[in-house]
Amino acid sequence: MSTTEEKNKAKAYWRENLKYLVILLSIWFLVSCVFGIFLRETLNEIRLGGFKLGFWFAQQGSIYVFVILIFVYVRLMNKLDKKYGYED
Amino acid sequence: MSVQVWTWILVGITFSLYFGIAIWARAGSTKEFYVAGGNVSPLANGMATGADWMSAASFISMAGIISFIGYDGSVYLMGWTGGYVLLALLLAPYLRKFGKFTVPDFIGDRYYSNTARTVAVICALIVSFTYVAGQMRGVGIVFSQFLEVDINVGVIIGMTVVLVFAFLGGMKGITYTQVVQYCVLIFAFMVPAIFISFQMTGNPIPQLGMGAKGADGVYLLDKLDAMHTELGFKEYTSGSKSTWDVFAITMALMVGTAGLPHVIVRFFTVKKVKDARKSAGLALLLIAILYTAAPAVSVFARTNLIETVSNQSYSELPQWFKTWENTGLIAWADKNGDGKIQYVNGEALAGKKPEFIEERGAYGQRMIANASAETNELYVDRDIMVLANPEIANLPNWVIALVAAGGLAAALSTAAGLLLVISTSVSHDLIKKQLKPSISEKGELLAARISILFAVVIAGLFGIYPPGFVAAVVALAFGLAAASFFPAIIMGIFDKRMNKEGAIAGMIIGIVLMLFYMIRYKTGLIGVMDPRPASEWWFGTSPEGFGTIAMTVNFVVAMVVSRLTPAPPIEVQEIVEDIRIPSGAGEAGEAH
């Protein structure tokens, strides 16, 4: 492969990577800062068993989502590496 | 068997394990010493990262703090776990690909400047020393509470243990000890949590028990909210901080976690970029077990405490109350002379700690000299919520002893990781990279070991003679990391145009601004000025949350300065392009 092709491939890979990051970090911000902090009082009107929903997001839910986010990222990136032939 | 015998047995077993590993995992090369040879498995690295990062504060203090401040405590839960997402997505894979030993290494090479490297080393030393002092104190407290040794003797025992496995094994020794320490601390935290959850709600999973009904058929959280309102406290699930401040503190802790050098360096120890990503995920999963159980423990402990003591006669209280009163962590002043404990909102004491006098009161209670004029009669130290919880819930003696072993594992593992960062900064970033590049590998290894020795002694002195500001500053180590490292690393990866002028200006202004705010509003300058009151905070931001603002300023300054100065050289731009691609990571420490 020529160097320009190599460079374009790297650029395309980077663009897709950035797209994943924007989506995943938006969810990260949504569950913690939006649900757990800014909208907590509104969400507290809703109940999840013994929990008020805003409180649940702040002390439980956001952490569960964080764990899922990282594993989704790992999966997405492994696939992306394969697609571009960057896996080791 | 008594609690004390059990504690000696469990602490003895765990300590012998740590020593055994230290001897087995001796480091022979700088690569083994700095990054454990670079071939730790993702799972082992995840466990080590978990132990590295869950400190004495996470284990002993966090659940206690949350149980006293309720919703406001969410900042620690979200902040310290959310930072991992940033670490996993924005830093770990790229820094692993870059493949050097330390964070200052990255900053120095990426910004083609020894000035940048030196600024980064200084930031790393400030962050690590403020943090490690708290750990040593934590070790001392556990020893003195459970084994009735003098707190200073406890600190010295802790120093010796850390020294042995860090000195011999470097990162290799530390990594494998931390794997064991993770197991010890998570077991020690979860066993009492499961017992208590089952006892109070019939559900053995604390995360679910927290939202379940108690024996009386009322949801635990509702009952707690009602009790709080009745006693004049803020509702448990609402808290009292402003929304902005909760946000600022959470953000500062998130970004600070991602910028802590002793955590970042862990991702240099795995083989491939793929492993670095996976390892960050596993680390968070393993950490989340404790972090989702801790708020449940807070709820159980708070409910238990209020139900056991509120409006009860002192003479009918269970034994644990008197045991902890004897250690000075609980105090009661019978202000209205009815022999019962009035526990309501307000400070029971004038001043922070109770000042006991020799004689006993009418009911055999310890008398205090500094009772306040407010109605509240009870003083409870927050740290005892985790330590005393098993006793409050009447759990068997071995469970109580387990908590001591867990607290020690948490404090020692974090201290070891930090000490390694300190010694690496000195031997690698300062001596090898700047003062004496011709130094042999053997010489560098010796320098690393000597600097660990010095770091342990200094940390121990901080633990034995804690200057007043240390405790206040530990929480701010995150703000410092957020204000200095995080922007420089992120822009080093994501902004190819970022140059040394921008990065250095950003880091210096960020950390100076943070230090200034800390000194002005939190610690004061001893003998010169006292901290200014909260009413003068900028935009109502507490010093703990100010890292968010200092970090933003760092980003803006760096952007502006970099666009007004020349672009970085072509070779550096090529480094950036190279770290964005995962393949061909090579081993840490090799030159690319």
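1. Starting with the A–B contact in this predicted model: chain B puts in 41 residues and chain A puts in 35 residues. On the chain B side, the elements giving two or more residues are α5 (74-98), α10 (220-231), α11 (243-259) and α13 (273-309). If you want one element to click on, take α13(B), which has the largest share of that side with 11 residues.

2. A word on the make-up of that face. The side of chain B that touches chain A counts 22 nonpolar residues, 11 polar ones and eight charged ones.

3. Now for chain B by itself. There are 22 helices and four strands in chain B. Its C-alpha atoms fill a box of roughly 80 × 55 × 50 Å along the principal axes. For 592 residues, a compact globule would come out with a radius of gyration near 25 Å, and the 24 Å of chain B agrees with that.

4. On domains: the assignment for chain B lists domain 1 as 3-304 + 395-579 and domain 2 as 310-385. Note that domain 1 is written as two segments. The C-alpha centres of domain 1 and domain 2 of chain B are 34 Å apart.

5. How many residues does each domain bring to the contact between them? Domain 1 of chain B supplies 12 residues, and domain 2 of chain B supplies nine residues. On the domain 1 side, helix α4 (residues 56-69) of chain B has the largest share, seven residues. By class, that domain 1 side has seven nonpolar and five polar residues, with no charged residues.

6. One helix pair to pull up on screen is α7 (residues 114-147) and α19 (residues 477-494), both of chain B. Their axes come within 9 Å and cross at roughly 165°. The cut-off for roughly antiparallel is over 145 degrees, so α7(B) and α19(B) count as roughly antiparallel to each other. The crossing of the two is left-handed.

7. Which residues make the contact between α7(B) and α19(B)? From α7(B) you get Cys123(B), Ile126(B), Val127(B), Thr130(B) and Tyr131(B). From α19(B) come Ala477(B), Leu480(B), Ala481(B), Ser484(B) and Phe485(B). Sorted by class, this contact has eight nonpolar and two polar residues, and no charged ones.

8. Last point, on charge. The contact of α7(B) with α19(B) has no charged residues, and the side of domain 1 of chain B that touches domain 2 has no charged residues either. The side of chain B that touches chain A, on the other hand, has eight.

Definitions and conventions
Residues numbered from 1 in each chain as written. Chains lettered and ligands numbered in written order. Predicted model: local features only at pLDDT ≥ 70, side-chain atom pairs only at ≥ 80, totals over all residues. Contact = placed C-beta atoms within 7 Å. Nonpolar A, V, L, I, M, F, W, Y, C, P; charged D, E, K, R; others polar. Axes fitted to C-alpha atoms, helices over the stretch in contact; angles between N-to-C directions. Parallel < 35°, antiparallel > 145°, perpendicular 65-115°, else oblique. Left-handed = near helix turned anticlockwise from the far one by under 90°. Domains from an automatic or database assignment. Rg over C-alpha atoms; globule rule 2.2 N^0.38 Å.
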